[in-house]
Amino acid sequence: MKSPWFFRLIKVGLVFALAWYVTRQVETRDRLFFEENEQRIEWTGKLEGNWQETDWVFHRDIETAAGEDRSFSSSELPHPIEIRPGFFTLLKGIRLPFYFLGIGSWLILLLIVTKRWQLLLEAAEVPLSYRRALRLCFIGYFFNNVMPGLTGGDLVRAVMVARDAKEKRARAAVTVLVDRLVGLMGLLILGAVVLSFAPPQFAGGEETLARVRWAVFAFLACGFLGTWAYQSPSVRKTLGLDALLRRLPFRDQFQSLDEAVTIYNTRRGTLFLTLLLSIALQVFGVLAFYSMGIALGSTLSALDNFAVFPIVQTISSVPVAPAGWGIGETLYGRFFLGLGSTFTLGVAVSILFRLTTQVGFGLLGGLAWLSSRSSNQQNS
C-alpha cells in the first residue's frame with residue numbers, strides 16, 4: 001500500500017478533486033443585484049459592454065425573465081447595483097495597462113531572483129555569470145509547469161548548474177536548495193509582518209485569521225531554528241549528526257552535500273543580504289498579482305494582497321499538483337470570498353496570474369532550454 005504508484009494515485013485523485021471543486025464554485029453566468037420595494041432582487045444573464053464602467057446592457061436569462069423585457073441598460077435599473085461578472089466576462093473585460101504593469105513587476109522579480117542566486121553561488125565559490133544564471137532560472141521556470149508544486153523546476157536547475165561547476169558539483173547543486181529556502185523565508189516574513197501590523201478583515205472572523213497568523217509564525221520559527229541547529233557545531237555534536245553521516249550508505253556523497261550546506265555558516269553576511277533581497281522581490285511579486293487583480297476588477301486592497309499572496313504561494317509550493325494548479329485557485333477563491341469579493345474573481349485572477357507568470361515566462365524558459373548547448377544531454 002506504500003508503493004510509489006499508490007502515492008501518485010493519491011496525488012492524481014487530489015488534483016481531480018480540486019479541479020472539480022473549483023469548477024463547481026466558479027460562476028460562468030453573470031449576476032446582477034439591486035434593491036426594489038425593499039427586496040433584494042437577483043438576476044442571472046449576460047453582460048454586454050464594460051461592466052467596470054457605467055455603459056453596459058444586461059440580458060436576463062429566459063427562465064428568470066418570465067416573458068418580461070429581457071434587456072436593460074445600466075441607466076434603466078434602480079441604484080445602487082451590484083454586478084458579479086461570470087468567469088469569462090471577467091477575462092474579457094481585462095484592463096491592459098494594469099495587466100502589463102503586473103508583467104513588468106514580475107520581470108523585475110525574476111531579475112532580482114537571479115541576482116540572489118548568483119550571490120549564493122559566489123559565496124559557495126562557484127562562479128557563474130549573471131547571464132548564465134538568468135538562463136538557468138528561466139529553464140527551471142519552464143520545468144515548473146510540468147513538475148509537482150511551484151519548485152519542481154529547481155531539480156532541473158540544480159542538475160544543470162552542477163554540470164557547469166564540474167569540480168564543485170555538490171556546492172553548485174545545494175545553492176539551488178538554499179536559494180529556494182531563503183526565498184521561502186522572505187515570503188513568510190513579508191506575510192507575517194502584514195498579518196501582525198495590518199491584518200485584513202476576513203469574513204471568517206478573528207479566530208480564522210489568528211490560526212493563519214500562528215501557522216505562518218510556526219513555519220518561520222521552524223525554519224530559523226532548524227537552520228541554526230543544523231549550522232551550530234555544538235548542536236551537531238550533541239545530536240551526533242557528524243557521526244551519523246559517517247555511518248550512512250553513500251557517506252561520501254552525503255558528507256559532500258553537508259559540507260556544501262555548512263559553508264554558509266561562514267557566509268552569514270551573504271545569507272542576510274539574500275534574505276533582504278527575498279523580501280524586496282516578494283514585494284514585486286505581490287504587486288504583480290495585485291495589478292492583475294485590478295486588471296480584472298478586483299477591489300481587494302494592497303494590504304489584503306500582501307497578506308494573502310505569501311500564504312497561497314507557500315502552500316502552492318507543496319509538490320502535489322503540477323505548478324500548484326488547482327491548489328492556488330482554490331485558496332485564492334476562498335480568500336477572495338472571505339475578504340468580501342467573490343470566489344469566481346479569485347479564481348480568475350489566479351488563472352490569469354499563473355498563465356502569465358508561470359506559463360508565459362515558462363515558455364521563454366523552454367526556448368532557452370531548447371537553444372542551450374546542454375539540451376541534447378537533458379533529453380537523453
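A residue counts as buried under 20% relative accessible area, as exposed over 50%, and as partly exposed in between. Keep that scale in mind. The model is predicted, and every value here is computed from it.

Start with E125. Its relative accessibility is 40%, so E125 counts as partly exposed. Where does E125 sit? It lies in the loop between helix 4 (96-123) and helix 5 (130-144). Its backbone has a feature to look for: phi of E125 is near 60°, a positive value in a residue other than glycine. E125 follows helix 4.

Now look at helix 4 itself. It has 28 residues, and at 1.5 Å a residue it should span 40 Å. Its end C-alpha atoms are 41 Å apart, which agrees with that expected span. Helix 12 (residues 268-295) gives a second check. Its 28 residues should also span 40 Å, and its end C-alpha atoms are 41 Å apart, so the two values agree. What follows helix 12? The answer is G297, whose phi is positive, near 100°.

Next come the charged side chains. How many salt bridges does a search of the whole structure find? It finds nine. One of them brings us back to E125, whose side chain meets that of R267 at 3.3 Å, N to O. This pair links distant parts of the chain, with the two positions 142 residues apart in numbering. R267 is in the loop between helix 11 (251-262) and helix 12, while E125 is in the loop between helix 4 and helix 5. Is R267 buried or exposed? R267 is partly exposed, because its relative accessible area is 22%. E125, at 40%, is partly exposed as well.

A second salt bridge joins D154 and R157, at 3.1 Å, N to O. Both residues lie in helix 6 (residues 153-165). They are three residues apart, about one turn of the helix. Both D154 and R157 are buried. The pair also belongs to a network of salt bridges that links R116, D154, R157, D179 and R180. R157 has another contact to find. Its charged end sits over the ring of W117, 4.6 Å from the ring centre.

A third salt bridge is formed by E329 and R354, at 2.7 Å, N to O. This pair links distant parts of the chain. E329 is in helix 14 (residues 327-338) and R354 is in helix 15, 25 residues apart. E329 has a relative accessible area of 4%, so E329 is buried. R354 has 1%, so R354 counts as buried too.

Turn now to the aromatic rings. A pair of aromatic rings is described by the distance of the centres and the angle of the planes. The structure has eleven aromatic pairs. Take F309 and F353. Why is this pair called edge-to-face? The centres of the two rings are 5.7 Å apart and their planes are at 85°; planes over 60 degrees apart count as edge-to-face, so the pair is edge-to-face. This pair links distant parts of the chain: F309 is in helix 13 and F353 is in helix 15, 44 residues apart. F309 is buried, because its relative accessible area is 1%. F353 is also at 1%, so F353 counts as buried. The two rings are part of a cluster, in which ring pairs link W106, F289, F309, Y332, F336 and F353.

Stay with helix 13 (residues 302-316) a moment longer, for S316 lies in it. S316 has a relative accessible area of 0%, so S316 is buried. Along the chain, S316 and L331 are 15 residues apart. Their C-alpha atoms are separated by 9.0 Å.

Finish on the surface. L364, L367 and L370 make a nonpolar surface patch of about 320 Å². Which helix holds L370? L370 lies in helix 15 (residues 343-370). Its relative accessible area is 58%, so L370 is exposed. Helix 15 therefore offers both cases on the scale: F353 is buried at 1%, whereas L370 is exposed at 58%.

Conventions:
Residues are numbered from 1 along each chain as its sequence is written. This is a predicted model: local features need pLDDT of at least 70, side-chain atom pairs count only at pLDDT 80 or more; totals for chains, interfaces and linings use all residues. Side-chain values use heavy atoms; hydrogens and water are left out. Patches are made of residues with over 30% relative accessible area and no salt bridge: like charges are joined within 9 Å, nonpolar side chains (Val, Leu, Ile, Met, Phe, Trp, Tyr) within 5 Å. Accessible areas come from the Shrake-Rupley method with a 1.4 Å probe; for residues, only the protein chains shown count as cover. A salt bridge is a side-chain nitrogen of Lys or Arg within 4 Å of a carboxyl oxygen of Asp or Glu. Helices (H or I, at least four residues) and strands (E, at least two) are DSSP runs, numbered from the N terminus. Buried means under 20% relative accessible area, exposed over 50%, partly exposed in between (1.4 Å probe, protein chains only). The expected span of a helix is 1.5 Å times one less than its number of residues. Rings of Phe, Tyr and Trp (its six-membered ring) pair if their centres lie within 6.5 Å; planes under 30 degrees apart count as stacked, over 60 as edge-to-face and the rest as tilted. A charge sits over a ring if NZ of Lys or CZ of Arg is within 6 Å of the ring centre and within 35 degrees of the ring normal.
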